[in-house]
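Here is a set of short exercises to work through with the viewer open. Try each task yourself before you read the solution.

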Amino acid sequence: MEREKKATRAGFGEEIVELGKKDNGIYVVDADIGKSCKTTKFAQTLPKQHLNVGIAEQNAAGVAAGLATTGKTPFVVTYAVFGSLRMCEMIRQEICYPNLNVKIACSHGGVTPANDGASHQAIEDMGVLRTIPNMTVIMPADYWSARKLVAAAANTYGPMFLRFTRDAIPVIYDENTEFTIGKAHQLRDGKDVAIIANGDTVCLALEAAEELEKQGVSVKLLDMHTIKPLDVEAVKDCVENIGKIITVEDHNIINGLGSAVCEVAAELGKGQVKRIGIQDHFGESAPYQRLLAKNGITVENIIETAKSLLS
């Protein structure tokens, strides 16, 4: 049966309204793209908790930092490429260094901007921000995990970067599934190979795992929605008890999820890790699925990679 599809940005847009209704300390600081980032309803429903600073992302970071110093919980909302790279110095100096309670909630992560091209495709964002002290980096895998992780972020102190998709992706979870920031969510247990994925690639990893199981390969599958702080214990378990790991991400294979997992394996001095993701080059204007395929982020490549590890 084909799964329902929803963009994770839609989950954010709906959850932030519910959170704002319950807590008048939650603010949205928009960089003038609320329609794309799904905060229009928040602005209409809670106008006193909404600020639009215009196309001025660096200023948005400063405004949010100021709000945080007064005890508010601001969510800066823009595209991932701007909410990470354009705002990077302000995030470091004004948010993370003083450890303020600012959430940066960004749509259009990875290559989901598709035909908008390389300028709008964020392939370095999670890697850059995970290197900044005090920052938490999260990418939900579907609509429901987006809602749950946004709620968890609102209720957890500290700087956080939440990355969402523009495109609709399959719904994996239901409203009763619970998530903990910094704790991987296990979708399948197995002993032959471990697949660790996040964001929009989890659905591909799940499909690959199901097909591998049909072929007699036992697969452990983790949704590593938080890449910082990484669930090191979950990775260690994969390294020590399975030893053959595939990481899958819609991000540069350098400094993203794959690198984070490799760091754990390297320190343990064991295990083999194969990284599937953006192959260290800029994106381009093309349909989303074609861009994934061009980088080997496909069900078929995950299956072939697993077989190569076991051969």
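The exercises below use a predicted model.

**Exercise 1. Check the length of helix α9 against the rise of 1.5 Å a residue.**

Solution. Start with the count: α9 covers residues 202–214, which makes 13 residues. The expected span is 1.5 Å times one less than the number of residues, so the helix should span 18 Å. Now take the C-alpha atoms at its two ends, which are 19 Å apart in the model. The two values agree. Just past the helix, look at glycine 216, which follows α9 and has a positive phi near 90°.

**Exercise 2. Find which residues of α9 are buried, and what covers them.**

Solution. Apply the cut-off first: buried means under 20% relative accessible area. In α9 this picks out Val202, Cys203, Leu204, Ala205, Leu206, Ala208, Ala209 and Leu212. Next, search for their cover. The strands β8 (169–170), β9 (185–188), β10 (193–197) and β11 (219–223) are among the elements that provide it, and the helices α12 (288–294) and α13 (299–310) also take part. Finally, place the helix in the wider packing. The largest nonpolar core holds 107 residues, and α9 gives the most to this core, with eight residues. The residues with the most contacts inside the core are Ile16, Phe75, Ile91, Ile104, Phe161, Ile195 and Ile196.

**Exercise 3. Work out the strand order of the open five-stranded sheet and say which strands stand at its edges.**

Solution. Go through the pairings one at a time.

- β9 and β11 run antiparallel and are joined by three bridges; histidine 185 faces aspartate 223 of β11.
- β10 and β11 run parallel and share five bridges, with alanine 194 opposite lysine 220 of β11.
- β10 and β13 (244–252) are also parallel, with four bridges between them; here alanine 197 stands opposite valine 248.

The full order reads β9-β11-β10-β13-β14, and the pairing is mixed. Since β9 and β14 (272–278) each have a single partner strand, they are the edges, and one side of each has no neighbour in the sheet. On average, neighbouring strands are turned by 20° against each other, direction ignored.

**Exercise 4. Sort the side chains of β10 by the way they point, and describe what surrounds the strand.**

Solution. The general rule comes first: in a regular strand, side chains alternate between the two faces of the sheet. In β10, Val193, Ile195 and Ala197 point one way, while Ala194 and Ile196 point the other way. Five of the five residues of β10 are buried. Now look at the helices. Helix α10 (residues 232–241) lies across β10, β11 and β13, at about 165° to β11. Helix α13 lies across β10, β13 and β14, and runs at about 150° to β13. To finish, trace the chain through β10, α9 and β11, which make a right-handed β-α-β unit.

**Exercise 5. Is threonine 78 buried or exposed, and which residues does it contact?**

Solution. Locate threonine 78 in strand β4 (residues 73–79). Its relative accessible area is 0%, so threonine 78 is buried. Set aside its neighbours within four places in sequence, and the contacts of threonine 78 are Ala31, Ile33, Cys37, Glu57, Gly83, Met87, Ala105, Cys106 and Ser107. Treat phenylalanine 75 in the same manner: among its contacts are Phe12, Ile16, Tyr27, Lys103, Val150 and Leu162.

**Exercise 6. Look up the backbone angles of asparagine 99, alanine 114 and the bond before proline 229.**

Solution. Asparagine 99 is not a glycine, yet its phi is positive, about 55°. It sits in the loop between α6 (88–96) and β5 (103–107) and, at a relative accessible area of 28%, asparagine 99 is partly exposed. Alanine 114 has a positive phi near 50° and lies in the loop between β5 and α7 (125–130). With a relative accessible area of 3%, alanine 114 is buried. Last, the peptide bond that joins lysine 228 and proline 229 is cis, with omega about -5°. Proline 229 belongs to the loop between β12 (226–228) and α10.

Definitions and conventions. Residues numbered from 1 in each chain as written. Predicted model: local features only at pLDDT ≥ 70, side-chain atom pairs only at ≥ 80, totals over all residues. Heavy atoms only, no water. Buried < 20%, exposed > 50% of the residue type's maximum accessible area, 1.4 Å probe, protein only. Contact = heavy atoms within 4.5 Å. Core = buried A, V, L, I, M, F, W, Y, C linked by side-chain atoms within 4.5 Å. Pairing = 2+ DSSP bridges. Axes fitted to C-alpha atoms, helices over the stretch in contact; angles between N-to-C directions. Right-handed = clockwise from strand over helix to strand, strands pointing away.
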